[in-house]
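Tutor: Let's go through this entry and ask what earns each label. Bring your doubts.

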Amino acid sequence: METGKSCKNCLTFMAEENQQPSNPPSAQPEPANPERKTLDDRNKMTELERIRHSCAHVLATAILRLWPDAQFAYGPPVENGFYYDLEMKHRISQEDFEKIEAEMKKEIKANNPFEKVVVTREQAIADAQSGRLGGLAERPDNASKFKLDLLKQIPEGEPISYFKNGDFIDLCAGPHVMRTGNIGAFKLTSVAAAYYKGDEKGPQLQRIYGTAFKNKTALDEYFKMLEEAKRRDHRKIGAEMGLFAIDTEYVGPGMPLWLPKGTILVEELEKLAKETEFAAGYVRVRTPHLAKEKMYTTSGHLPYYAESMFPPMDFCEDAEQRSLREQVNQDLLKARSELVALKAKGEEFELGINTPTTRSTLSTQEQESQAAFKRDIEAHESTIRSLEHKKGGLGSVYYLKAMNCPHHHRIFAAEPRSYRDLPLRLAEYGCCYRYEQLGELFGLMRVRSLNMNDAHIYCTEEQFADEFRAVNDMYLKYFKIFGLEKYQMRFSTHAAEGLGKKYVNEPELWKKTEDMVRKVLIESGINYVEVANEAAFYGPKIDVQVWSAIGREFTIATNQVDFAVPAKFGLTYRDKDNSNKTPLCIHRAPLGTHERFIGFLIEHYAGNFPLWLAPDQVRVITLNDDEALINYAKPIVAELRANMVRVDSDFSATPFKAKISNAEQLRVHTMLVIGGRDMEAGAVSVRLHHGGPQGAKPKAEVIAQILADIKERKA
RNA sequence: GCCAGUGUAGCUCAGUGGCAGAGCAACGGUUUCGUAAACCGUAGGUCGUGGGUUCAAUCCCCACCACUGGCUCCA
């Protein structure tokens with residue numbers, strides 16, 4: 001229910017501090033390991049991309065001068081720079097950068113031309129074998145193994161070319177800048193491990209990232225912008241504002257504690273969601289955080305997703321019983337896989353070329369063998385049933401839920417359902433737990449405990465389009481409230497080759513539901529991109545992608561079709577014709593999870609929340625601690641408080657300017673300043689965190705305005 | 001999980017093989033002021049945890065726990 005692809009080095013352009021909403025970069029993020037670009041694509045490379053791509057060659061040149069054994073793989077330009085993947089004995093660390101950059105500068109100063117040489121495939125293979133490709137010279141005992149592999153990927157008939165600068169020759173289709181001297185300004189930025197072709201099982205390479213620009217000014221601007229983005233980082237602002245804490249020692253990594261001010265954000269969002277969902281005909285439910293193992297064997301999440309779930313809790317205390325259950329588990333596993341094999345074989349048997357398809361033409365022998373097959377299958381099924389029964393008597397295993405859908409399915413199953421009950425929309429801010437890899441945790445954006453703005457809509461096929469459209473409309477409504485203008489809707493579909501593996505094996509249902517979703521999207525005039533092979537295992541989905549301050553891409557919201565799991569739970573409703581039918585299910589989370597959504601909002605607003613969301617809405621500040629002033633100010637505080645405004649006061653003797661400064665640093669949305677002049681006029685002076693002094697206004701007017709702005713959730 | 005880096009006061013960061021430092025915040029006093037930072041003082045630490053080397057370790061070495069930037073993953 002939650003995905004997000006990382007987008008390396010891409011940046012959100014949000015240098016202005018003045019409450020500009022954060023927007024995704026205009027360009028598409030580079031894929032993790034770029035698909036092979038066609039020659040056409042390559043010719044579209046911008047000047048900047050050519051500079052960066054050329055800089056990657058210069059980097060390789062420098063590396064080879066320092067470590068001649070280096071072998072190079074990919075070295076493309078990316079969103080904000082370039083990288084080159086390489087393999088060598090020496091482990092590069094940032095301390096090496098100075099040395100490498102010095103060599104690179106020499107190559108740039110030499111101003112060598114980038115010469116293109118077109119060669120035959122045979123010639124290229126020979127050069128790769130002699131270690132010449134991606135090298136400064138021949139290296140007879142060190143063949144250019146990655147280049148050899150890359151050569152294999154170049155289609156027959158496509159020209160093969162080298163690019164040469166100085167002694168360095170690389171297999172490359174270009175294009176490049178004319179000379180190394182055209183690389184205006186560059187800097188190496190980081191080093192990381194990367195897998196060859198992004199394959200975890202493949203060799204692990206060292207990846208050096210760098211960036212390059214036309215000139216020093218542009219490079220400096222880029223780093224300045226990076227600094228700006230860091231100031232907006234939700235982890236930094238979260239600490240400054242006291243929104244959340246992550247106590248890795250006592251609570252655990254990835255499990256944020258919501259501090260009082262962060263809890264305000266959480267509860268304001270929940271209030272918004274509850275109002276919106278109530279208006280849209282949802283009903284609310286509540287479910288436990290745990291479920292028995294059977295829940296997830298039935299839903300199909302186990303065993304495939306077990307790795308992303310917290311390890312199970314075993315309530316079987318007796319050691320003997322436990323080992324017995326282990327045995328039963330193994331027997332079950334064996335029986336199940338045998339059954340799958342048998343069924344597959346049975347299909348083959350019935351559809352086999354040499355096997356007659358009609359019963360009348362079956363020989364006695366064949367008939368007998370088919371009957372034996374059936375008996376075998378039945379025997380296995382009965383074994384499985386009895387093993388499951390046996391297992392039930394041997395204590396229970398519980399899992400922390402990683403998603404709410406199965407619980408909601410059981411709520412659907414808790415009462416008999418009629419077509420008149422549909423669509424049934426079950427909503428819950430459910431708390432889920434996912435055992436994300438340690439290295440993947442990222443502030444609030446990627447966590448292990450998460451509160452989802454979840455709901456499941458059970459509906460008939462006829463109702464589907466309207467329901468799906470209504471969900472999309474809800475997204476758009478929310479995005480308007482938050483001033484979220486640029487995001488990307490990603491429609492994820494299945495891939496035929498994954499049927500039966502990554503995806504439930506229902507080719508027709510896939511096609512049907514994907515067509516339905518596509519139709520809704522087109523009819524609603526929503527801009528989207530369609531991505532194959534990214535669907536959930538139970539159906540197609542739409543994800544909404546946004547970008548964090550430092551440029552990571554995240555799924556902020558999701559809307560998914562599920563045509564598979566309700567059937568696994570045997571969910572049915574009684575239709576008009578008195579038959580039992582399985583409902584379709586829409587999983588949706590327009591506000592994603594509290595963790596990610598608030599993480600995103602913090603960066604989106606740079607901590608300067610609109611009044612309705614601001615943890616500190618109003619602070620009343622007196623010019624000094626004069627008693628008359630305080631007596632004038634107190635009823636204003638009381639009135640705001642009585643109207644549920646988050647207001648506090650500073651009547652202390654601290655110098656006035658310091659009191660203003662304190663409130664500003666806290667990001668108090670509205671400061672009501674009261675001095676002698678205000679008191680005499682029955683006024684207050686308004687100062688906004690974003691907007692500065694607004695002058696004196698009658699106090700009743702100011703209070704009314706504050707209440708109205710909160711009520712309408714004014715941006 | 002993998003690669004590289006980091007871990008010193010609540011925060012931002014200095015620092016050294018030989019008594020642990022600053023600014024801000026906190027606390028106590030003084031200050032009575034018109035829109036972003038008044039002054040004086042006090043307190044605050046097992047230098048991430050555990051082990052090793054050493055007469056002596058916050059510093060050097062090893063392991064672990066976390067964090068940061070990537071990679072992989074992401075129902």
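**Labels and what backs them**

Tutor: Leaving aside neighbours within four places in sequence, Ser308 is in contact with Arg434 and Tyr435. Contact means heavy atoms within 4.5 Å.

Student: What should I know about the ground rules here?

Tutor: This is a predicted model, where local features need pLDDT of at least 70 and side-chain atom pairs count only at pLDDT 80 or more, while totals for chains, interfaces and linings use all residues. Residues are numbered from 1 along each chain as its sequence is written, chains are lettered from A and ligands numbered from 1 in the order in which they are written, and side-chain values use heavy atoms, leaving out hydrogens and water.

Student: Why is Ser308 called partly exposed?

Tutor: Buried means under 20% relative accessible area, exposed means over 50%, and partly exposed is what falls in between (1.4 Å probe, protein chains only). Ser308 has 36%, so partly exposed is the right label. The residue sits in the loop between α9 (293–299) and β13 (313–314), and its C-alpha is 8.0 Å from that of Ala402, although the two are 94 residues apart in sequence.

Student: And Thr460, is that one buried or exposed?

Tutor: Its relative accessible area is 8%, so Thr460 is buried. Thr460 lies in the loop between β16 (449–459) and α13. Apart from neighbours within four places in sequence, Thr460 touches Leu422 and Tyr573. Across chain A, 50% of the 715 residues count as buried.

Student: What makes something a helix or a strand?

Tutor: Both are DSSP runs numbered from the N terminus: helices are H or I with at least four residues, strands are E with at least two. By that rule chain A has 20 helices and 28 strands.

Student: How do you know that β4 and β5 pair?

Tutor: Two strands pair if DSSP finds at least two bridges between them. β4 and β5 (residues 160–165) have five bridges, in the antiparallel sense, so they pass the test. One of the residues involved is Glu115, whose bridge partner in β5 is Lys164. The open sheet runs β4-β5-β6, and β4 (115–119) and β6 (168–171) are its edge strands, each pairing on one side only.

Student: What makes a set of residues a nonpolar core?

Tutor: The members must be buried Ala, Val, Leu, Ile, Met, Phe, Trp, Tyr or Cys, joined through side-chain atoms within 4.5 Å. The largest such core has 87 residues, with Phe464, Phe482, Leu601 and Phe609 making the most contacts inside it. Helix α13 (residues 461–481) gives the largest share, eight residues. A second, separate core of 31 residues includes Ala70, Ile108, Val177 and Ile183.

Student: How do α8 and α13 pack?

Tutor: Helix α8 (residues 260–279) and α13 meet at an angle of about 145°, with axes 12 Å apart. Axes are lines fitted to C-alpha atoms, for helices over the stretch in contact, and angles run from 0 to 180 degrees between N-to-C directions. Leu272, Ala273, Thr276 and Glu277 of α8 meet Met474, Lys477, Tyr478 and Ile481 of α13.

Student: What is the split of that contact into nonpolar, polar and charged?

Tutor: Five nonpolar, one polar and two charged. Ala, Val, Leu, Ile, Met, Phe, Trp, Tyr, Cys and Pro count as nonpolar, Asp, Glu, Lys and Arg as charged, and the others, Gly among them, as polar.
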